[in-house]
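Thanks, everyone. I'll keep this short. Please bring up the model and follow along.

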Amino acid sequence: METASSNPKPPSFEGYEPVNCDDPPSDDGEVDVFGDLAALPVEVCERRPTCVRCRRPQKVCLCPFLPVHPLDVSTCLYIVQHPAEESRVLRTVPLLAACLPPRKCNVLVGRRFTEERHPDLAAVCQDNKTLILYPGPSAQNLEELVQDQGDGTDEERSTVRYNVIIIDGTWSQAKDMFLRNSLLHLPRQVQLSRALSSQYVIRTQPTNICLSTLECAAVALSILERNDDIQEVLLKPLRALCSFQLQHGAQVHHSKEHLLRNGMYDKPMPKNKRKIKRMEKLVSDKNICPR
C-alpha cells in the first residue's frame with residue numbers, strides 16, 4: 001500500500017510586520033507582501049458530514065438505492081486500486097463495497113505490488129481459483145469458463161469459490177499496473193463477452209463497451225454466482241448516482257468512440273502515429289477494448 005507523505009510544516013511569518021500596499025516602499029525598494037499574507041485571517045473549511053455506508057455526503061446519500069442487507073455471494077473480490085482513484089469524488093468502488101459483505105470486497109491501493117510487501121495478495125494470486133478480469137488475446141471469456149463447469153454435479157459447482165481481481169483506474173493506469181506487476185500475471189486471465197454499454201455516463205470511457213469497476217464486478221458476480229439479479233442490484237445505486245449528477249448540471253460523457261464515429265471529437269488529433277492508429281481502430285473495430 002502506498003501512503004501519501006505528511007504535509008510539511010508551514011513556514012513561520014514571525015518578525016514580519018503587516019504593511020499597506022499603498023504605503024511607500026521600504027528603503028531597499030521592496031514591499032513586505034508576506035506580512036500582508038500573514039495578517040490575513042485563516043478560514044477553516046468544514047467538511048460535509050459523510051454517510052458511513054455509501055461514503056457519500058449525507059445530503060446526497062445513496063443508501064436508499066443499496067440492498068437492505070449485503071448480498072450473499074461466495075465470490076471474493078480484490079480491487080487493486082490506483083492511488084489517483086482515492087481522490088475522485090464520483091468513484092464506484094465505495095458503492096460496490098457497500099453492497100457486499102466486508103470480506104467479499106477487499107480494496108488494495110498502490111501502483112506496485114510485490115510478494116515481499118504484499119504476501120496476502122501474493123497468496124491470492126497463486127491460488128488456482130483466482131481470476132483476473134483484464135481483456136487481452138489470452139483472456140478466456142468468463143461465461144465460457146462457467147459453462148465448462150456446468151458438466152459437473154450441483155455439489156461440485158457449489159464448492160467452487162472464486163477470487164476475482166479487478167484493476168481500478170483509468171484504462172492507461174490499469175494497463176500500466178497490469179504490465180508492471182508480475183503478481184497480476186499469475187491468475188487465469190478472463191474477460192467479459194456480454195455486449196453491454198456502460199451506464200456510467202458521467203465519466204468518459206474510451207469505447208461504448210468499456211465498463212466501470214462496479215459494472216465489471218456486477219457482470220462478473222452475476223455470471224459466477226449464476227444469478228442475474230445480482231447485476232440489477234449492483235447497478236441500481238450507479239444509475240441513481242448518474243441521475244442525480246445529471247439533474248444538478250453534469251453533462252453526459254459520450255465515449256471517445258462515439259465522438260469519433262459521429263464527428264463530435266473536438267480535441268486536436270494526436271501527432272503520434274501509434275495513437276492515431278489506436279483511434280482509427282476505435283472507430284473500425286466494434287469489439288475493441290483498450291489494452
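Let's start with the rings. This is a predicted model, and a search through the whole structure turns up one aromatic pair. The partners are Tyr-134 and Phe-178, and they are stacked. Their centres sit 4.2 Å apart, with 15° between the planes. Stacked requires planes under 30 degrees apart, so this pair falls in that class.

Where do the two rings come from? Distant parts of the chain, 44 residues apart. Tyr-134 lies in the loop between β3 (130-133) and β4 (140-141). Phe-178 belongs to helix α6, residues 171-180. Buried or exposed? Tyr-134 is buried, and Phe-178 is buried too.

Now the sheet. It is open and has six strands. Read across, the order is β2-β1-β5-β3-β6-β4. The pairing is parallel. At the edges are β2 (105-109) and β4, each pairing on one side only.

Take the β4 edge. Its partner is strand β6, residues 188-191. These two strands run parallel and share two bridges. In residue terms, Gln-140 has Val-190 in β6 as its bridge partner.

Next, what packs on this sheet? Helix α6 does, the helix that carries Phe-178. Helix α6 touches β1 (76-81), β3, β5 (163-168) and β6. The direction of α6 makes about 125° with that of β5. Helix α7, residues 213-224, packs on the sheet as well. Its contacts are with β1, β3 and β5. For α7, the angle to the direction of β5 is about 165°.

Just past that helix, one backbone angle deserves a look. Arg-226 sits in the loop between α7 and α8 (229-247). Its phi is near 55°, a positive value in a residue other than glycine. How does Arg-226 count for exposure? Partly exposed, because its relative accessibility is 47%, and the exposed class begins over 50%.

Last, the whole chain. There are ten helices and six strands. The chain has 291 residues, and 38% of them count as buried. Take the contacts with a separation of 6 or more: residues 24 or more positions apart account for 72% of them. The Tyr-134 and Phe-178 pair, at 44 residues apart, links distant parts of the chain. The exposed surface comes to about 18,400 Å². Carbon and sulfur atoms supply 50% of that area.

That's the tour. Over to you.

Key: Residues numbered from 1 in each chain as written. Predicted model: local features only at pLDDT ≥ 70, side-chain atom pairs only at ≥ 80, totals over all residues. Heavy atoms only, no water. Phe/Tyr/Trp six-rings, centres within 6.5 Å; stacked < 30°, edge-to-face > 60°. Helix = DSSP H or I, 4+ residues; strand = E, 2+ residues; numbered from the N terminus. Buried < 20%, exposed > 50% of the residue type's maximum accessible area, 1.4 Å probe, protein only. Pairing = 2+ DSSP bridges. Contact = heavy atoms within 4.5 Å. Axes fitted to C-alpha atoms, helices over the stretch in contact; angles between N-to-C directions. Areas by Shrake-Rupley, 256 points an atom, 1.4 Å probe, with all protein chains shown as cover.
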